[in-house]
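Reader: I would like a close look at one part of this model, with the cut-offs behind each term stated. Please keep it to the geometry.

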Amino acid sequence: MTIFNPQTESDVPASMKGVWFDTASDRIINSLRLANLGSGSKIETDVVVIGAGVSGLSASHAAADAGLGVILVERGPFAASGASGKNAGIVCMGANMHLSELSDDSYNWLWTETTALAMDLYERSLASGSFVSARMVGSLSLALNSDDSESLHKEVEARKALGLPADLLGVDEIRKKTFNRLALEGVQSALWLPQEGRCHPWSLCAQLAEEARTAGAKLYGNATVSNIQEINGTWLVRLEDGTEISAKALIRCVGPTVHPNERIYALAFAIDLPEMFPIFQDAAPFTYYDFRASDGHVVCTGGPYAKAGQQDVDKDHLKEMAKRVQAWLPELAGKEPKYTWAVDLKVAPKMVPHLEKLGQVAPGSSIEGLGALGVLPGILLGRKAALNLVSTLRIDK
Ligand SMILES: Cc1cc2nc3c(=O)[nH]c(=O)nc-3n(C[C@H](O)[C@H](O)[C@H](O)COP(=O)(O)OP(=O)(O)OC[C@H]3O[C@@H](n4cnc5c(N)ncnc54)[C@H](O)[C@@H]3O)c2cc1C
């Protein structure tokens, strides 16, 4: 049975309730709650940020920290209303593909910089008063055939060439790392990435929101942007309620749930696994199922996608996913998942997170390509977008 917290139950939308709501403290939930702007107001600021996911919160923090006036507008009443509040909470580096699959080295920075960011996140989770609950438990990609083993071997080489730790493990080592709890028949080897881990998604967004507020950014909810125009070198952002915000610069962080093409599934079973239980996943990138244990649950996400909005197939996809969890963890046989959810997302194979320039004269950026693996890249690109604008606005002054 799901027990809701009476203090916070009333205003948390049903669409946000689930495993992360039930495992978040009141302090986290309160930090995600956003203030309301008076409707119909006219406001001026240096930077307007759209979207209160990991990207928008990070962009707001970086811009405010550099001394700019920042207003963030979010359509939901809480931060983390989009993908950032519904993801699997796996701290994984790079993009949704193997590093060894890149055709050149122009995106190597994404792997090295997200790795540094992950280290920072684990460290911040240890600081007193931190909201972040994160742990470096490592991850295992499990190969069931020799082709997958071979491609994991290539991945080890590619990571090592960039100075990132990676290993190919045999079955005995995999058994030890997974506390002898996984059914490993058929497994040939596994890619071991010791720096990957997990983070409670709401705890991360609460931390980013607090940092943005502390730096002076103003974060507003129930504020849906209906129109954006560039007029005489200034941005005019109109909200559905008639509010108008004029700003020197714009950062658009509306995330992968806007204009979705695919439907991704997730579920969580109740199970007690050791605190240091690693992330594990099937070896095939993009269509893999991944598994993450913590706080008395194992969360599974991914697998083959459905088409966005195709709710009639939800039951079949979730049934298949539950079977996959039970195949790896036979102790769950005969049990039902405690939570299931589905999210429509914009995703594509080999999609790489990047910034797109907006506007002719007024500085503007849009964060694109985060898809189903965008937490660390979103934080990184949010900061980069803000710092680019900061230098442009300083030059223009
Ligand atoms: C089931 C699932 C599992 C995932 N697992 C992982 C994982 O384990 N690890 C990982 O790294 N990534 C994962 N991801 C991907 C990750 O969650 C996203 O890439 C990332 O959260 C995107 O962050 P964002 O801030 O860009 O977008 P979002 O978090 O979606 O934030 C965008 C915000 O913009 C708001 N918005 C949109 N339009 C408007 C508007 N017109 N006006 C005002 N506000 C607006 C939205 O309400 C939303 O809050 C997963 C995603 C899903 C769905």
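Author: What follows takes one strand, the helix that leads to it, and the ligand shell that the helix joins. This is a predicted model, in which local features need pLDDT of at least 70 and side-chain atom pairs count only at pLDDT 80 or more, while totals for chains, interfaces and linings use all residues. Residues are numbered from 1 along each chain as its sequence is written.

Helices (H or I, at least four residues) and strands (E, at least two) are DSSP runs, numbered from the N terminus. Strand β3 covers residues 70-73. Val70 and Leu72 point one way from β3, Ile71 and Val73 point the other way, and all are buried. Buried here means that 20 or more other C-beta atoms lie within 10 Å of the residue's own, with C-beta atoms placed from the backbone. In a regular strand the side chains alternate between the two faces of the sheet.

Two strands pair if DSSP finds at least two bridges between them. Strand β2 (residues 42-50) pairs with β3 in the parallel sense over four bridges, and Val70 is the bridge partner of Val47. Between β2 and β3 the chain passes through helix α4 (residues 54-65), a right-handed β-α-β crossover. Right-handed means that, with the strands pointing away from the viewer, the path from the first strand over the helix to the second runs clockwise. β3 is also joined to strand β10 (residues 218-221) by three bridges, again running parallel, and there Leu72 stands opposite Leu219.

The expected span of a helix is 1.5 Å times one less than its number of residues. For the 12 residues of α4 this gives 16 Å, and the end C-alpha atoms are 16 Å apart, which agrees. Of those 12 residues 11 are buried, so α4 is largely enclosed by the rest of the structure. The buried ones include Val54, Leu57 and His61. Just after α4, Gly67 takes a positive phi of about 95°.

α4 also reaches the ligand: along with β14 (262-270), β18 (339-345) and α10 (375-396), it supplies at least two residues of the shell. There are 43 residues around the ligand, and Gly51, Gly53, Gly82, Gly255 and Gly374 come nearest; a residue counts as near if its C-beta atom, placed from the backbone, lies within 6 Å. Domain 1 (6-85 + 201-257 + 352-396) and domain 2 (139-194 + 260-345) both give residues to this shell, so the ligand lies between them. The domain bounds come from an automatic or database domain assignment.
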